[in-house]
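Student: Could you show me how to read the way two parts of a chain pack together? I'd like the general idea and then the case at hand.

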Amino acid sequence: MKPITIKSVELHTVCLPYLAPFETSFGAETDKIAVLVELTTAAGVIGWGECSIEWWPGYGHETAVTAQHILSEFMLPAIIGESVEHPREFPAMIKRFRGNHHARAGLEAAVWDAFAKTNDMRLTDLFARCASPGHESEGRATVGVSIGIQPSLDDTVAVVCKRLKEGYGRIKLKIKRGWDIEVARAVRAAHPDILLMLDANSDYHPEDAERLAQLDQFKLLMIEQPLAHDDIYDHGKLQKRLRTRVCLDESVKSASDLQIALQVGAIGILNLKPARVGGFSECLEIYRICSEKSLPLWVGGMLETGVGRAANVSFAALPAVNLPSDISATDRYFAADVTEPPFVLGPESTLAVPDGAGIGVEIQRERLAAAKQRWLNRNANGGA
Ligand code: OSB
Ligand code: MG
């Protein structure tokens with residue numbers, strides 16, 4: 001395959017209003033903040049990547065501002081003018097800078113996109129080529145929808161009904177201490193047979209094991225990240241007390257973390273977020289481990305713009321991603337995204353991989369400029 005030479009990189013920090021605020025155990029968010037990476041090759045090909053991030057260190061340690069800092073001061077100077085034979089070799093080029101997974105993942109994603117476009121292939125097919133033989137892309141990803149904490153149980157049941165009517169085949173409810181058993185009971189009572197799961201975003205403590213065990217009665221597909229983000233060990237102890245499978249999100253930041261989680265019985269299912277593990281090369285290593293160990297796997301989301309969503313759909317279309325991913329249609333998030341065409345929910349709760357080369361969606365420059373201005377205005381008004 002043709003290598004690329006990185007000529008320049010431009011960063012675009014954007015703020016896109018959500019159609020509705022998204023509330024988790026961390027709090028409510030009204031806008032998507034992201035750092036978009038625009039990479040131009042010596043041949044004039046443009047690759048795009050998204051640093052899936054928030055404005056504050058809630059989900060991860062990083063913020064939009066730290067990502068900009070780490071990229072512009074350190075990572076970009078190390079790669080401008082350099083050639084990349086294959087995107088899987090890219091992590092070694094910025095290896096001397098530690099951590100900052102969300103920042104590095106966005107940069108690496110832009111390299112993957114530029115490389116796929118240079119070789120005139122869909123990103124999904126490039127990923128498939130990097131997996132074991134027989135792992136061709138399915139061309140579409142099976143998806144579900146993540147529903148934030150609502151003001152009441154009735155509101156929750158109403159939103160679930162709406163999403164089921166739209167065609168989503170798997171429902172994830174955000175929970176927190178004090179908003180758990182009753183919400184699961186209400187939704188289960190209204191919909192006895194749907195694929196239902198809960199995500200606690202690390203809100204519980206090991207002492208809450210008994211309360212969490214009460215959730216077993218609701219036939220949940222899984223419970224995601226009940227305990228602390230840095231506590232694999234106690235998830236292992238908790239899993240032994242639950243019938244419901246524990247899915248790890250925050251706790252697995254690398255292939256090595258996954259091996260530890262498997263070793264201590266802390267994981268029954270993996271939510272794989274490219275940003276959390278530092279990019280698609282690490283995702284491919286994790287994908288290999290999951291298929292080897294038959295660990296159920298799905299791709300998580302962080303309410304990405306179309307740039308990140310397109311790359312995530314491309315990865316989620318790989319065959320060993322065998323549970324519905326947290327990647328919903330564009331109209332679940334934004335009135336107008338920064339890319340076209342929008343992602344539309346297809347038959348059997350799927351999103352199709354776009355046809356074009358690379359991520360297969362086009363940046364809308366005017367909307368990008370407006371979203372950048374919105375970020376500047378937000379800061380001028382005192383941030384948050
Ligand atoms: O825990 O999966 C999570 C969004 C922001 C931060 C953390 C999480 C989420 C989601 C969103 O659940 C899922 C989506 O992108 O639709
Ligand atoms: Mg989660």
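Student: How far apart do the C-alpha centres of domain 1 and domain 2 lie?

Tutor: In this predicted model, the centres are 22 Å apart. Domain 1 covers 4-120 and domain 2 covers 126-362. Contacts link 37 residues of domain 1 with 45 residues of domain 2.

Student: How much area do domain 1 and domain 2 bury between them?

Tutor: The general idea comes first. Interface size is often quoted as the accessible area lost when the parts come together. Here domain 1 and domain 2 bury about 3400 Å², with 67% of it on carbon and sulfur atoms. On the domain 1 side, Phe22, Tyr59 and Trp112 supply 20% of the area buried against domain 2, more than any other three residues.

Student: And the polar side of the picture: how many salt bridges are found across the interface?

Tutor: The rule finds one. Lys176 pairs with Glu23, their closest N and O atoms being 3.9 Å apart. Between the two domains, 16 residue pairs are in polar contact.

Student: Which element gives the most residues to the side of domain 1 that touches domain 2?

Tutor: That is α3, with 11 residues. By class, this side of domain 1 has 19 nonpolar, eight polar and 10 charged residues.

Student: Now a single residue: is Asp326 buried or exposed?

Tutor: Asp326 counts as buried, because its relative accessibility is 8%, and the cut-off for buried is under 20%. Asp326 sits in the loop between α12 (306-316) and β13 (339-340). The side chain of Asp326 makes a polar contact with that of Lys172 at 2.5 Å. Beyond its sequence neighbours within four places, Asp326 also has contacts that include Arg170, Trp298 and Tyr333.

Key: Residues numbered from 1 in each chain as written. Chains lettered and ligands numbered in written order. Predicted model: local features only at pLDDT ≥ 70, side-chain atom pairs only at ≥ 80, totals over all residues. Heavy atoms only, no water. Helix = DSSP H or I, 4+ residues; strand = E, 2+ residues; numbered from the N terminus. Buried < 20%, exposed > 50% of the residue type's maximum accessible area, 1.4 Å probe, protein only. Polar contact = N/O pair within 3.5 Å; in protein donor to acceptor, adjacent residues only side chain to side chain. Contact = heavy atoms within 4.5 Å. Domains from an automatic or database assignment. Buried area = accessible area lost by both parts, 1.4 Å probe. Salt bridge = Lys/Arg side-chain N within 4 Å of Asp/Glu carboxyl O. Nonpolar A, V, L, I, M, F, W, Y, C, P; charged D, E, K, R; others polar.
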